[in-house]
Amino acid sequence: MPEEAAQPSPASTTQPPPPTHKNGIYIPRNEPGCISAERTERTTQRNYERLVADPYHGAIVIDAKSGKILFEERAGAYGYPASVTKLMTLLLTLEAIDRGEIQLSDRVLINNEVAGIGGSQLYLDPKEKNFTVEDMLYGIMVHSANDAARALGIHVAGSKAAFIERMNQRAKELGMRSTRYVSDHGLPPEDLSQPDISTAYDIALLSLACLRHPDTLTYSGRELIYLRDGETMLATRNALAKRVDGYDGCDGLKTGYHKRGGWSLAATAERNGKRIVSVVLGSPSKDVRNAVSRRLLDRGFQIMESE
């Protein structure tokens with residue numbers, strides 16, 4: 001009798017389980033007590049006049065390595081993240097570099113559109129030809145420069161509109177079900193329409209995605225950087241990341257403020273091999289935001305150390 005063909009064992013057809021971590025940081029899935037990317041989409045077109053509360057509009061604290069939610073209060077409440085939006089600008093730029101679409105050393109075009117952005121900025125001039133992608137990344141993460149964010153968006157995607165489309169697509173991929181981007185920098189629209197809108201929960205998902213990229217902390221943890229051959233000094237807007245009077249172990253991530261959204265901060269700190277992410281969205285003042293962020297980080301570390 002002819003020899004029967006060997007049948008594949010069940011193990012040979014089984015797909016390997018999806019990775020649980022990257023760069024030591026949790027990849028969200030559907031686990032009890034942990035932050036999840038598998039939630040029902042919940043967006044709004046409502047144009048809130050102001051989303052600010054005391055001490056915050058919403059907050060959450062996450063163990064970045066296990067994904068465990070250590071604290072949350074109104075984490076799903078809509079808020080206006082303002083310049084915390086630049087975390088998505090950072091992430092998309094770093095991922096474009098990883099794919100080989102752009103390089104850190106690329107010279108970035110500065111046109112009139114870039115030069116006309118208001119708020120915090122580098123005062124970029126179309127005559128300047130030597131700004132690189134890396135310069136712009138420091139610009140958005142250290143100084144929260146809006147003109148640098150626009151320049152990066154155009155360099156990565158070709159136009160503001162194309163880049164914002166990528167931002168919203170990436171938000172969906174990350175499970176940011178309540179987030180809608182309308183800008184690459186976080187400034188509210190001049191026509192008073194709905195600004196970038198998100199939640200503390202969604203920003204925590206974005207923060208974890210940024211931390212999974214090994215280069216994020218290079219930019220978010222930098223306290224000082226000099227551009228224009230040393231003529232322009234940029235100092236971090238994140239008081240918790242400063243060496244003097246900062247928060248022990250804090251090396252990111254991003255601040256945000258505008259009048260309609262209040263003061264916000266996505267922060268991260270590492271101590272004794274443990275890393276925490278806290279998000280405070282919509283505080284009434286910078287001092288309240290910073291103080292609450294410190295308390296939430298303290299609370300997170302205390303919970304982890306007691307387990």
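**Exercise 1. Determine which backbone atom lies 3.0 Å from the side chain of Asn-146, and describe the setting of this residue.**

Solution. In this predicted model, the partner is the backbone oxygen of Gly-118, which lies 3.0 Å from a polar atom of the Asn-146 side chain.

Step 1: locate the residue. Asn-146 belongs to helix α5, which covers residues 146-157.

Step 2: classify its accessibility. The relative accessibility of Asn-146 is 2%, and the cut-off for a buried residue is under 20%, so Asn-146 counts as buried.

Step 3: list its surroundings. Neighbours up to four places away in sequence being left out, Asn-146 touches Ser-83, Lys-86, Ile-117, Gly-118, Gly-119, Ser-120, Gln-121, His-185 and Leu-187. Gly-118 thus appears in the list of contacts as well as in the polar pair.

**Exercise 2. Establish whether the span of α5 agrees or disagrees with the expected value, and how many of its residues are buried.**

Solution.

Step 1: compare the spans. With 12 residues at 1.5 Å a residue, α5 should span 16 Å; the C-alpha atoms at its ends are 17 Å apart, which agrees.

Step 2: count the buried positions. Of the 12 residues of α5, 11 are buried, so the helix is largely enclosed by the rest of the structure. The buried residues include Asp-147, Arg-150, Leu-152 and Ile-154.

Step 3: identify the cover. The elements over the buried residues of α5 include α2, α3 (112-115), α4 (133-142) and α6 (160-173).

Step 4: inspect the end of the helix. Gly-158, just after α5, takes a positive phi of about 100°.

**Exercise 3. Name the helix that gives the most to the largest nonpolar core.**

Solution.

Step 1: define the core. The largest nonpolar core has 65 residues, and those with the most contacts inside it are Ile-35, Ile-60, Met-88, Met-136 and Leu-206.

Step 2: find the main contributor. Helix α7 (residues 200-211) gives the most to this core, with 10 residues. Apart from this core lies another, of 19 residues, among them Ala-59, Val-61, Phe-71 and Leu-297.

Step 3: examine α7. All of its residues, 12 of the 12, are buried, so α7 is largely enclosed by the rest of the structure. From its first C-alpha to its last, α7 reaches 16 Å, close to the 16 Å expected.

Step 4: connect Ile-35 with this helix. Among the residues that Ile-35 touches are Tyr-201, Ala-204, Leu-205 and Leu-208, and these four are listed among the buried residues of α7.

Step 5: consider a polar member of the helix. Ser-207 is located in α7 and is buried, with a relative accessible area of 0%. Beyond four places in sequence, Ser-207 is in contact with Leu-87, Leu-253, Ala-266, Val-277 and Val-279.

**Exercise 4. Classify the ring pair formed by Tyr-48 and Tyr-78, and state which parts of the chain it ties together.**

Solution.

Step 1: count the pairs. The structure holds 3 aromatic pairs.

Step 2: apply the geometry. The ring centres of Tyr-48 and Tyr-78 are 6.4 Å apart and the planes stand at 35°, so this pair is tilted.

Step 3: place the residues. Tyr-48 lies in the loop between β2 (25-26) and β3 (58-63), whereas Tyr-78 lies in the loop between β4 (69-73) and α2 (86-98); the pair therefore ties together parts that are 30 residues apart in sequence.

Step 4: complete the environment. Tyr-48 and Tyr-78 are both buried. Arg-42 lies over the face of Tyr-78, 4.4 Å from the ring centre.

**Exercise 5. Decide whether Arg-289 is buried or exposed, and identify its polar side-chain partner.**

Solution.

Step 1: locate the residue. Arg-289 is part of helix α9 (residues 286-306).

Step 2: classify it. Its relative accessible area is 2%, so Arg-289 is buried.

Step 3: find the partner. The side chains of Arg-289 and Asn-290 are joined by a polar contact of 3.1 Å.

Step 4: list the contacts. Residues up to four places away being excluded, Arg-289 touches Arg-237, Thr-255, Gly-256, Trp-263, Ser-264, Leu-265, Val-280 and Ser-283.

Step 5: compare with Pro-55. Ser-283 also appears among the contacts of Pro-55, together with Pro-284, Val-288 and Val-292. Pro-55 is found in the loop between β2 and β3 and is partly exposed, with a relative accessible area of 29%.

Definitions and conventions
Residues are numbered from 1 along each chain as its sequence is written. This is a predicted model: local features need pLDDT of at least 70, side-chain atom pairs count only at pLDDT 80 or more; totals for chains, interfaces and linings use all residues. Side-chain values use heavy atoms; hydrogens and water are left out. A nonpolar core is a set of buried Ala, Val, Leu, Ile, Met, Phe, Trp, Tyr and Cys residues joined through side-chain atoms within 4.5 Å. Buried means under 20% relative accessible area, exposed over 50%, partly exposed in between (1.4 Å probe, protein chains only). Helices (H or I, at least four residues) and strands (E, at least two) are DSSP runs, numbered from the N terminus. Contact means heavy atoms within 4.5 Å. Rings of Phe, Tyr and Trp (its six-membered ring) pair if their centres lie within 6.5 Å; planes under 30 degrees apart count as stacked, over 60 as edge-to-face and the rest as tilted. A charge sits over a ring if NZ of Lys or CZ of Arg is within 6 Å of the ring centre and within 35 degrees of the ring normal. A polar contact is a pair of N or O atoms within 3.5 Å; within protein, one must be able to donate a hydrogen and the other to accept it, and residues adjacent in sequence count only if both atoms are side-chain atoms. The expected span of a helix is 1.5 Å times one less than its number of residues.
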